Amino acid sequence: MNENNNENIVNDEIAIKLEDVHKSYGNHEVLKGLNLEVKKGELFGFIGKNGVGKSTTIDCITGVKRFEKGTINLLDYDISKEAVIAKSHFGYVASEPICYENMTGYEYLEFVASVYKISEGEFVQNYRYLAKRLDLKEEQLNQYVSSYSHGMKQKLCLIASLLNSPEVWILDEPTVGLDVMAVEELKKMLVEYARHGNTVFITSHNIDLVARICDRCAIINNGVVSTLLDFKRDPNRRLQLPRIFLKTYGEE
């Protein structure tokens with residue numbers, strides 16, 4: 001079952017839409033006409049083996065990488081043509097934590113808040129709430145990021161991604177480096193965020209996590225979406241996801 005008792009409010013409006021997206025690295029074509037729609041208010045899982053294009057897809061959605069063909073719209077903004085305004089509407093957590101090591105944690109969060117033009121009052125309220133949820137203490141925030149463990153950097157990036165209360169939260173392997181308690185708290189936060197009408201798009205190697213919390217899930221293989229599962233319509237698919245995943249790659 002979905003871990004939240006209250007169903008997410010999912011409607012037919014589209015938050016993220018990819019149409020015929022192609023992306024290559026030299027002669028190696030990674031995305032081969034990828035089509036995908038993620039609805040507003042849903043917690044959407046995007047899974048696949050290493051090297052099949054999960055992170056590339058997210059890099060294209062967030063405007064980090066250009067793609068050769070197709071269109072990507074985020075909240076009706078074309079990421080290729082309206083990148084700045086599109087980026088103001090989503091929070092992004094990369095697979096490897098990226099933050100300025102010569103700043104303290106607090107200074108880094110202040111910097112991110114200034115980019116989004118968040119008021120001082122809203123910044124203080126949001127960072128304190130999020131830091132408490134993820135157990136990143138005030139004394140740790142006053143230390144330089146260069147002294148942080150991988151897990152602490154990941155927590156800092158998670159906090160930074162939510163400072164402006166984005167409508168879309170995009171996460172690429174967010175549980176890597178987090179301890180068990182932090183993973184459990186993050187799972188609750190993901191569910192809660194979608195429950196409040198926001199959209200969550202997550203990639204993860206943790207098939208159990210995706211099966212337990214997501215509303216729908218897509219499996220990518222050979223550069224396209226090979227399987228699309230709706231766990232709300234067919235909850236039994238949650239238990240079947242590991243088998244379906246293995247079967248997709250002929251490993252059952």
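These legends describe close-up views of a predicted model. Residues are numbered from 1 along each chain as its sequence is written, and side-chain values use heavy atoms, with hydrogens and water left out. In this predicted model, local features need pLDDT of at least 70 and side-chain atom pairs count only at pLDDT 80 or more, while totals for chains, interfaces and linings use all residues.

**View 1. Confidence along the chain.** The chain has a mean pLDDT of 93 (the predictor's confidence in each residue, from 0 to 100). In total, 96% of its residues reach 70 or more. Among the elements, strand 3 has the highest mean, 98, and helix 2 (residues 83-87) the lowest, 93. Helices (H or I, at least four residues) and strands (E, at least two) are DSSP runs, numbered from the N terminus.

**View 2. The six-stranded sheet.** This open sheet has the strand order 6-7-8-3-9-10, with mixed pairing (two strands pair if DSSP finds at least two bridges between them). Strand 6 (90-93) and strand 10 (224-230) are its edges, and each pairs on one side only. From one strand to the next, the twist averages 15 degrees. Angles run from 0 to 180 degrees between N-to-C directions, and axes are lines fitted to C-alpha atoms, for helices over the stretch in contact.

**View 3. Strand 3 beside strand 9.** Strand 3 (residues 43-47) and strand 9 (residues 216-221) run parallel, joined by four bridges. F46 has A218 in strand 9 as its bridge partner. Helix 1 (residues 54-61) packs on the sheet and touches strands including strand 3 and strand 9. Contact means heavy atoms within 4.5 Å. Helix 6 (residues 150-162) also packs on the sheet, touching strand 6 and strand 7. Its direction makes about 170 degrees with that of strand 6.

**View 4. The four-stranded sheet.** Here the order is 2-1-4-5, in an open sheet with antiparallel pairing. The edges are strand 2 (28-39) and strand 5 (77-78), each pairing on one side only. Two bridges join strand 4 and strand 5. N73 has D78 in strand 5 as its bridge partner. Helix 1 lies across strand 1, strand 2 and strand 4, at about 115 degrees to strand 1.

**View 5. A salt bridge between K69 and D20.** The two side chains meet at 3.5 Å, N to O. A salt bridge is a side-chain nitrogen of Lys or Arg within 4 Å of a carboxyl oxygen of Asp or Glu. K69 lies in strand 4 (residues 69-74) and D20 in strand 1 (residues 14-25), so the pair ties together parts 49 residues apart in sequence.
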